[in-house]
Amino acid sequence: MELISLLGDFMSPEVYRVYQACMYQPSPAKFSVLAEELLSSPSPAAFGFRRENRLAGVIALRQTGDQGEIVGIAVEEALRGQGLGGCLVRGAIQALRLKKVTAETDQEAVEFYRKCGFSARAFTRTYGGQPYVRYASEWVAPEHKPEKEKNWNKGSL
């Protein structure tokens with residue numbers, strides 16, 4: 001599967017068709033605002049992949065140096081659970097040469113991020129006066145983890 005840049009086409013209906021799966025109450029107007037915000041940020045990035053000549057997955061990030069923030073990731077529903085989302089995350093990390101990646105997510109997606117090697121910390125955010133549990137997820141390149149964390153998986157502290 002080949003990762004393709006979608007930055008020049010990010011506002012297209014084809015990207016919206018896939019990306020809307022990661023939006024809360026999606027609409028073309030809401031996507032347009034989100035896309036404008038992403039594209040006007042200092043270092044935006046957007047990648048995807050095609051399956052049978054059809055866009056099947058999308059990831060959008062903001063980049064600052066060697067750090068990135070995932071602002072959205074989606075895979076067509078029929079293709080979920082096959083590791084394609086993880087391929088998008090790893091592909092974006094490699095393409096942008098990132099050493100640290102963060103993402104804010106909900107309960108529904110926190111396990112996906114954990115499978116991709118992210119740690120997650122729960123916190124509460126209020127929307128419309130209603131509290132919701134969210135997760136601050138973070139991936140750090142192995143060579144940039146503190147020594148204590150590097151040795152954790154080896155059984156020594």
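A residue counts as buried when its relative accessible area is under 20%. Keep that cut-off at hand for the exercises below, which work through a predicted model.

**Exercise 1. Classify the ring pair of Phe10 and Phe31, and say where its two members sit.**

Solution.
- Step 1: Begin with the total, which is seven aromatic pairs in the structure.
- Step 2: The ring centres of Phe10 and Phe31 are 5.5 Å apart, and the planes meet at 40 degrees. Stacked pairs have planes under 30 degrees apart and edge-to-face pairs over 60, so Phe10 and Phe31 form a tilted pair.
- Step 3: Now find both residues in the chain. Phe10 lies in the loop between strand S1 (4-5) and helix H1 (13-19), while Phe31 belongs to helix H2 (residues 28-40). With their positions 21 residues apart, the pair links distant parts of the chain.
- Step 4: Apply the opening cut-off: both Phe10 and Phe31 are buried.

**Exercise 2. Do likewise for Tyr16 and Phe31, then place the pair in its cluster.**

Solution.
- Step 1: Here the centres lie 5.2 Å apart and the planes are at 45 degrees, so Tyr16 and Phe31 are a tilted pair.
- Step 2: Tyr16 is in helix H1 and Phe31 in helix H2, 15 residues apart, and this pair too links distant parts of the chain.
- Step 3: Tyr16 is buried, as is Phe31.
- Step 4: Put the rings together: ring pairs join Phe10, Tyr16, Tyr19 and Phe31 into a cluster.

**Exercise 3. Describe the largest pocket by its volume, its lining and the classes of its residues.**

Solution.
- Step 1: The largest pocket holds about 1,700 Å³ of space.
- Step 2: Its lining has 45 residues, and the closest to the centre are Cys22, Glu104, Thr105, Asp106 and Ala109.
- Step 3: Look at the elements that supply at least two lining residues each; among them are H2, helix H3 (84-96) and strand S7 (130-140). Strand S4 gives the largest share, seven residues.
- Step 4: Sorted by class, the lining has 23 nonpolar, 13 charged and nine polar residues.

**Exercise 4. Decide how the chain compares with a globular protein of its length.**

Solution.
- Step 1: Five helices and seven strands make up the elements of the chain, in the order β-α-α-β-β-β-α-β-α-β-β-α from the N terminus.
- Step 2: The radius of gyration is 16 Å, close to the 15 Å given by the globule rule for 157 residues, so the chain is as compact as a globular protein of that length.
- Step 3: For the interior, note that buried residues account for 38% of the 157.

Conventions: Residues numbered from 1 in each chain as written. Predicted model: local features only at pLDDT ≥ 70, side-chain atom pairs only at ≥ 80, totals over all residues. Heavy atoms only, no water. Phe/Tyr/Trp six-rings, centres within 6.5 Å; stacked < 30°, edge-to-face > 60°. Helix = DSSP H or I, 4+ residues; strand = E, 2+ residues; numbered from the N terminus. Buried < 20%, exposed > 50% of the residue type's maximum accessible area, 1.4 Å probe, protein only. 1 Å grid on protein atoms, 1.4 Å probe; cavity = no way out; pocket = protein on both sides within 12 Å on 5 of 7 lines; lining within 4 Å. Points joined across faces, edges and corners; volume = space filled by probe spheres on them. Nonpolar A, V, L, I, M, F, W, Y, C, P; charged D, E, K, R; others polar. Rg over C-alpha atoms; globule rule 2.2 N^0.38 Å.
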